[in-house]
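Take a look at the chain below, and keep its sequence at hand. This report goes through its core, its charged pairs and a few single residues.

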Amino acid sequence: SRSAAVSIRRYANDEVARTAERLDAGDGGEYDFVCECGDLSCMDLVRLTLAKYQTLAPGSVVAH
(Lines give C-alpha, C1' and ligand atoms only; values in the text may rest on other atoms or scores of the structure.)
Protein backbone atom coordinates (compact mmCIF):
# COMPACT_ATOMS: atom_id res chain seq x y z
CA SER A 1 0.00 0.00 0.00
CA ARG A 2 1.01 3.60 -0.50
CA SER A 3 1.01 4.36 3.23
CA ALA A 4 3.33 1.42 3.94
CA ALA A 5 5.68 2.56 1.17
CA VAL A 6 5.74 6.10 2.58
CA SER A 7 6.43 4.74 6.08
CA ILE A 8 9.34 2.64 4.82
CA ARG A 9 10.83 5.61 2.95
CA ARG A 10 10.36 7.91 5.93
CA TYR A 11 12.14 5.45 8.18
CA ALA A 12 15.07 5.39 5.74
CA ASN A 13 15.10 9.19 5.61
CA ASP A 14 15.05 9.43 9.40
CA GLU A 15 18.15 7.22 9.42
CA VAL A 16 19.81 9.56 6.91
CA ALA A 17 18.89 12.49 9.16
CA ARG A 18 20.31 10.79 12.27
CA THR A 19 23.58 10.11 10.46
CA ALA A 20 23.65 13.66 9.10
CA GLU A 21 23.16 15.05 12.61
CA ARG A 22 26.28 13.20 13.74
CA LEU A 23 28.33 14.30 10.72
CA ASP A 24 26.91 17.79 10.13
CA ALA A 25 29.53 20.52 10.20
CA GLY A 26 26.86 23.17 10.79
CA ASP A 27 27.46 24.64 7.34
CA GLY A 28 23.97 24.00 5.97
CA GLY A 29 25.18 21.23 3.71
CA GLU A 30 22.70 19.18 1.72
CA TYR A 31 22.07 15.46 2.03
CA ASP A 32 20.37 12.93 -0.25
CA PHE A 33 16.98 11.74 0.99
CA VAL A 34 14.82 9.17 -0.80
CA CYS A 35 11.61 10.25 -2.49
CA GLU A 36 8.56 9.55 -0.32
CA CYS A 37 6.10 9.43 -3.22
CA GLY A 38 4.80 6.01 -2.20
CA ASP A 39 6.00 4.14 -5.28
CA LEU A 40 8.55 1.55 -4.12
CA SER A 41 10.02 1.37 -7.64
CA CYS A 42 10.92 5.09 -7.48
CA MET A 43 14.64 5.58 -6.96
CA ASP A 44 14.68 9.40 -7.04
CA LEU A 45 16.67 11.35 -4.48
CA VAL A 46 15.90 14.74 -2.99
CA ARG A 47 18.77 17.02 -1.88
CA LEU A 48 17.83 18.86 1.30
CA THR A 49 19.53 20.50 4.21
CA LEU A 50 18.99 18.77 7.51
CA ALA A 51 17.05 21.80 8.78
CA LYS A 52 14.68 21.69 5.80
CA TYR A 53 14.10 17.94 6.11
CA GLN A 54 13.15 18.35 9.77
CA THR A 55 10.34 20.76 8.81
CA LEU A 56 8.70 18.37 6.33
CA ALA A 57 5.88 16.00 7.24
CA PRO A 58 6.09 12.31 6.31
CA GLY A 59 5.19 11.82 2.67
CA SER A 60 6.15 15.36 1.66
CA VAL A 61 9.75 14.68 0.61
CA VAL A 62 9.06 14.17 -3.07
CA ALA A 63 11.28 14.53 -6.11
CA HIS A 64 8.50 14.85 -8.70
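A residue counts as buried when its relative accessible area is under 20%, and as exposed when that area is over 50%; in between, it is partly exposed. Leu50 has 10% relative accessibility, so Leu50 is buried.

The model is a predicted one. How confident is the predictor in this chain? The average pLDDT is 92, and 100% of the residues score at least 70. Confidence is lowest in H1, with a mean of 93. It is highest in E2, at 97.

**The nonpolar core**

In soluble globular proteins, nonpolar side chains tend to be buried together. Which residues make up the largest nonpolar core here? There are 9 of them: Ala17, Ala20, Tyr31, Phe33, Val46, Leu48, Leu50, Tyr53 and Val61. Four elements give two or more residues each to this core. They are helix H1 (2-23), strand E1 (30-34), strand E2 (45-49) and helix H2 (50-53).

Start with Leu50, which lies in helix H2. Setting aside neighbours up to four places away in sequence, Leu50 is in contact with Ala17, Ala20, Glu21, Gly29 and Tyr31. Now turn to Ala17. With sequence neighbours up to four places away left out, Ala17 touches Phe33, Leu50 and Tyr53.

Leu50 also serves as a marker for distance. From Leu50 to Val62 the C-alpha atoms are 15 Å apart, with their positions 12 residues apart in sequence. From Leu50 to Ser3 the C-alpha separation is 23 Å, and the two are 47 residues apart along the chain.

**A buried polar residue in H1**

Asn13 belongs to helix H1. Is Asn13 buried or exposed? Its relative accessibility is 0%, so Asn13 counts as buried. Which residues does Asn13 contact, beyond its neighbours within four places in sequence? They are Phe33, Val34, Glu36, Tyr53 and Val61. Two of these contacts deserve a second look: Phe33 is also touched by Ala17, and so is Tyr53.

**Salt bridges**

The model has 5 salt bridges. Three of them are set out here.

| Positive residue | Negative residue | Closest N to O distance |
|---|---|---|
| Arg10 | Glu36 | 3.2 Å |
| Arg18 | Glu15 | 2.4 Å |
| Arg47 | Asp32 | 3.1 Å |

Take Arg10 and Glu36, whose side chains meet in a salt bridge. Arg10 lies in helix H1 and Glu36 in the loop between E1 and E2, so this pair ties together parts that are 26 residues apart in sequence. Both Arg10 and Glu36 are buried. The pair also belongs to a network of salt bridges that links Arg10, Asp14 and Glu36.

Arg18 and Glu15 form a salt bridge inside one element. Both lie in helix H1, 3 residues apart, which is about one turn of the helix. Arg18 is partly exposed, with a relative accessible area of 38%. Glu15 is partly exposed as well, at 32%.

Arg47 forms its salt bridge with Asp32. Arg47 sits in strand E2 and Asp32 in strand E1, so the pair ties together parts that are 15 residues apart in sequence. Arg47 has 48% relative accessibility and counts as partly exposed. Asp32, at 35%, is partly exposed too.

**A buried arginine without a partner**

Arg9 also lies in helix H1. Arg9 is buried, yet it has no salt bridge. How far away is the nearest side chain of opposite charge? That side chain is Asp39, at 6.2 Å. A salt bridge needs a nitrogen and a carboxyl oxygen within 4 Å. Arg9 still has company. Leaving out residues up to four places away in sequence, it touches Val34, Cys35, Glu36, Asp39, Leu40, Ser41 and Cys42.

**An exposed residue in H1**

Ser3 is another residue of helix H1. Its relative accessibility is 51%, so Ser3 counts as exposed. The side chains of Ser3 and Ser1 are joined by a polar contact of 3.3 Å.

Helix H1 thus holds contrasting residues. Asn13 is buried at 0% relative accessibility, whereas Ser3 is exposed at 51%.

Methods: Residues are numbered from 1 along each chain as its sequence is written. This is a predicted model: local features need pLDDT of at least 70, side-chain atom pairs count only at pLDDT 80 or more; totals for chains, interfaces and linings use all residues. Side-chain values use heavy atoms; hydrogens and water are left out. A nonpolar core is a set of buried Ala, Val, Leu, Ile, Met, Phe, Trp, Tyr and Cys residues joined through side-chain atoms within 4.5 Å. Buried means under 20% relative accessible area, exposed over 50%, partly exposed in between (1.4 Å probe, protein chains only). Contact means heavy atoms within 4.5 Å. pLDDT is the predictor's confidence in each residue, from 0 to 100. Lys and Arg count as positive and Asp and Glu as negative; His and the chain ends are not counted. A polar contact is a pair of N or O atoms within 3.5 Å; within protein, one must be able to donate a hydrogen and the other to accept it, and residues adjacent in sequence count only if both atoms are side-chain atoms.
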